[in-house]
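Trainee: Could you take me through one part of this structure slowly, namely the pairing of charged side chains? I am new to it and would like a single connected account.

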Amino acid sequence: MSELGVVIVSHVPDIAAGVVKLLKEVAKDVAITYAGGTDDNEIGTSFAKIQLAFDENKADRLMAFYDLGSAKMNLEMVMEFTDKEVHLYDVALIEGGYTAAALIQAGADLTAIEEQLAPLKIK
């Protein structure tokens, strides 16, 4: 398993799970975890779910992807409480997560992956 892992955060539990299902098609050996919805599985995000996704991910270095701004805020808060190295990306959720997972599976390093993510940046 790579030292790099992926975390997906979405406001909708089914979206988060679906993105991970897609990523696993090209990255079966990559540590991928997710957090979707609030603690009550409603629309929104959850500090606790994101923290659990970080904790359950077997990688020491995480690449985190999210769908909307409040997910980013919760990710940034959880990043302050983890010992893992987390890289947060402002890119298209599905395309960014897919690109990262596929390249991790192929053995690419973080610099090479970030070069491929650059055109996907949301401004």
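Mentor: A salt bridge, as the term is used here, is a side-chain nitrogen of Lys or Arg lying within 4 Å of a carboxyl oxygen of Asp or Glu. Please keep in mind throughout that this is a predicted model. Side chains of opposite charge can pair when their charged atoms come close. Under the 4 Å rule, the count for this model comes to five salt bridges.

Let us begin with Arg61 and Glu85, whose side chains meet in a salt bridge with 3.4 Å from N to O. Arg61 belongs to strand β3, residues 61-66, while Glu85 belongs to strand β4, residues 85-89, so this pair ties together parts that are 24 residues apart in sequence. Glu85 has a relative accessible area of 36%, and is therefore partly exposed. The pair does not stand alone, for Glu3, Arg61 and Glu85 are linked in a network of salt bridges.

From there we can turn to Lys121 and Asp90, which form a salt bridge whose closest N and O atoms are 3.8 Å apart. Lys121 sits in the segment after α5 (110-117), and Asp90 sits in the loop between β4 and α4 (93-105), so that here the parts tied together are 31 residues apart in sequence. Lys121 counts as partly exposed, at 46% relative accessibility.

A further salt bridge joins Lys28 to Asp29, with the closest N and O atoms 3.6 Å apart. Lys28 counts as exposed at 63% relative accessibility, whereas Asp29, with a relative accessible area of 38%, is partly exposed.

To place charged residues beside buried ones, it helps to look at helix α1, residues 13-26, where the buried residues are Ala16, Val19, Val20 and Leu23. These four cover an arc of only 100 degrees around the axis, which means that they lie on the same side of α1. Among the elements that cover the buried residues of α1 are β1 (4-10), β2 (31-36) and α4. The face of α1 turned away from that buried side carries Asp14, Lys21 and Glu25, which are exposed.

Finally, for the wider setting, an unreviewed UniProt entry carries the annotation "domain: PTS EIIA type-4" for residues 3-123. In the model, the end C-alpha atoms of residues 3-123 lie 29 Å apart, and the span is 46% helix and 20% strand.

Key
Residues numbered from 1 in each chain as written. Predicted model: local features only at pLDDT ≥ 70, side-chain atom pairs only at ≥ 80, totals over all residues. Heavy atoms only, no water. Buried < 20%, exposed > 50% of the residue type's maximum accessible area, 1.4 Å probe, protein only. Helix = DSSP H or I, 4+ residues; strand = E, 2+ residues; numbered from the N terminus. UniProt positions renumbered as here; feature names shortened; annotations may be inferred. Arc of directions from axis to C-beta. Contact = heavy atoms within 4.5 Å.
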